[in-house]
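Visitor: Could you show me how to read helix packing and burial in a model such as this one?

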Protein chains: 2
Amino acid sequence: MVSLPYLLRSENIARIEGSQLLIGDRRVYPFEKRFERCSSVLEIASALKRMVTQGGGPLEVALTAMVFVTEQMKKGIIHAEFGELERAVILLIASRPTNTTMKRTLLALLEELHGKPDFVEQVAPLVEAKKTAFDQLYHQLGKEGSHLIPEKAGVLTTCFAEHTFLLSLAYAKEEGKEIRVFVPETRPYLQGSRLTAPSLEEMGIDVRVITDGMGATFLGTGDANLYMTAADLVCMDGTVVNKVGTFCNAIAANRFQVPYYAFSVSPDPTKLDASGIQMEWRSAEEVTQCMGNPTSTKEMQALYPAFDIIPPDLVTGVVTGKGVLKPEEIKRNFQ
Amino acid sequence: MVSLPYLLRSENIARIEGSQLLIGDRRVYPFEKRFERCSSVLEIASALKRMVTQGGGPLEVALTAMVFVTEQMKKGIIHAEFGELERAVILLIASRPTNTTMKRTLLALLEELHGKPDFVEQVAPLVEAKKTAFDQLYHQLGKEGSHLIPEKAGVLTTCFAEHTFLLSLAYAKEEGKEIRVFVPETRPYLQGSRLTAPSLEEMGIDVRVITDGMGATFLGTGDANLYMTAADLVCMDGTVVNKVGTFCNAIAANRFQVPYYAFSVSPDPTKLDASGIQMEWRSAEEVTQCMGNPTSTKEMQALYPAFDIIPPDLVTGVVTGKGVLKPEEIKRNFQ
């Protein structure tokens, strides 16, 4: 069994400790292993909004938050009413509008609990079951992904593609494949240089950090012969939504006939195509600083669209729980 | 007459003061207006190698250095021998291998001076004439470039395209065109956010800083309808060499049928195509830091190819002293 790096061990993503929920602070990793301590759902939602964690992190945090809420109910800190659980779900969903896996998972949980008088007791085992199911899915997708990696691979990625991508590399390495990963730093938050690259280093995988403008360069030389990312959202027509900076690499991969695969634990059946996507614009000030230090004049204006929308013609396949699907195969498998 | 921003005024690029040659330090702008003080050609070449200035800066520095050397000869600091001038040229050329305009300009100067007993006296007026010719060329290219800018323009650029690009925007603005410029920050040195964006702000041109991975995003939305960069080198087949990060945007521009123009004061007749290009790999450690602060773990490996090679099929035209030429028109105009 391959093992996960520090950042992806569940206790380092979110855990309950006493009367607090702790969230691993990905904003300061690898310089510090700090946890954000939350005493209420409002604080948890605020932490998600402030990008304390990202990618699949919010899903794990939100599931843990459900257990946290029931513990608060048992202690009498909040009323043991179903409405309180619904309120928590609404707050959590609103904190990250683009990634809808969290939303759908929480709403499904609410539906399962609806009308049950003992819902307070049922949350923890239900959440545990969902977490286990996601873990199994991660490993399944990791194995599927590993088969897409050539014997001698130069894998380009973007941002921090977490479990599914890292497990793909781990399984491919186990199979003896020769792998180098090219990791764009992923400005402004540097998820690539701070999260992906150190995690790969920890896993013993050959890694090179590059700037966000160099993906096409290494696709062009042939050093990168595969492009793989997570997907914050996959629509029914195969449109992939992922961290801004993904589009330029997907276009370049297409030019050089390098396959582009996105991982998705749950394509969204409610989103038929790109027209239904609620886009997230983040604070422009993030772009004119790097780790808190200004990178331009004080009043400089900037733009920060958080995500790119990758049209299906640039997507070779989506790695899902139902196999590696072509964009046009998503709908009949997930709707 | 349109005016140049602080960074491009010749006294802020290079000037002689007493026994020193001062180079405007672009590494710390806009946070500081500092000058690197050089007392020898060796120090000047070292400053160029350390990227104290960049783009067209080294050409201006190298020309000023020729005058500086003759002043040192007059003061008896170095021998008034032609060999000393040749030695200076060799050192300067070696400091920046990719941009060959400096190389060719210096070699032409040597040739003009060769065999002249009074070469020490002739350097200053010759250099002055060359500087004036370049200034005129910059304005000519600026006017040519301005005609390529649509009435309502969203102009994407990369790095710091200096005189020709900024003058194009200034002339277009003078003509009443509505312009917004999208400036990728250009990691690792941040020439975009530090040099281009503040210069545009100073010129009263609407500017937005973006990260290096966002060019395709704004080309895709249609907000950017023109891509313009400098060129460190243009080959006879129309191949453009420019700062790494240019390729991904040129590929994306091509996908969205957005024209891509590169400015070149002197396509290189000795370079037929990409095969003759000497590529510059810079210190990988630059990529794992931002303005001196580490962006990853201590021993993280990285890659820093300084330039991208853009094949002619992605180049709409090259803005030259002989007009805006299609890639296939370069050779017959410059060889």
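Guide: What follows takes up a helix pair and then a single helix.

Guide: This is a predicted model, in which local features need pLDDT of at least 70, side-chain atom pairs count only at pLDDT 80 or more, and totals for chains, interfaces and linings use all residues. Residues are numbered from 1 along each chain as its sequence is written, while chains are lettered from A and ligands numbered from 1 in the order in which they are written.

Visitor: How are two packed helices described?

Guide: Two packed helices are described by the angle between their axes and the distance between the axes. Here helix α3 (residues 57-74) and helix α4 (residues 82-95) of chain A pack at about 150°, their axes 10 Å apart. That makes α3(A) roughly antiparallel to α4(A), a term for angles over 145 degrees.

Visitor: Which residues of α3(A) and α4(A) meet?

Guide: With contact defined as C-beta atoms, placed from the backbone, lying within 7 Å, Ala62(A), Ala65(A), Val69(A) and Met73(A) in α3(A) meet Glu84(A), Leu85(A), Ala88(A) and Leu92(A) in α4(A).

Visitor: Is α7(A) largely enclosed or not, and why?

Guide: A residue is buried if 20 or more other C-beta atoms lie within 10 Å of its own. In α7(A), 10 of the 13 residues are buried, so this helix is largely enclosed by the rest of the structure; among them are Phe165(A), Leu166(A) and Leu169(A). The buried residues of α7(A) pack against elements of chain A including α6 (119-147), β5 (178-184) and α8 (191-202).

Visitor: What follows α7(A)?

Guide: Gly176(A) follows α7(A), with a positive phi near 90°.

Conventions: Axes fitted to C-alpha atoms, helices over the stretch in contact; angles between N-to-C directions. Helix = DSSP H or I, 4+ residues; strand = E, 2+ residues; numbered from the N terminus. Parallel < 35°, antiparallel > 145°, perpendicular 65-115°, else oblique. Contact = placed C-beta atoms within 7 Å. Buried ≥ 20, exposed ≤ 12 C-beta atoms within 10 Å, placed from the backbone.
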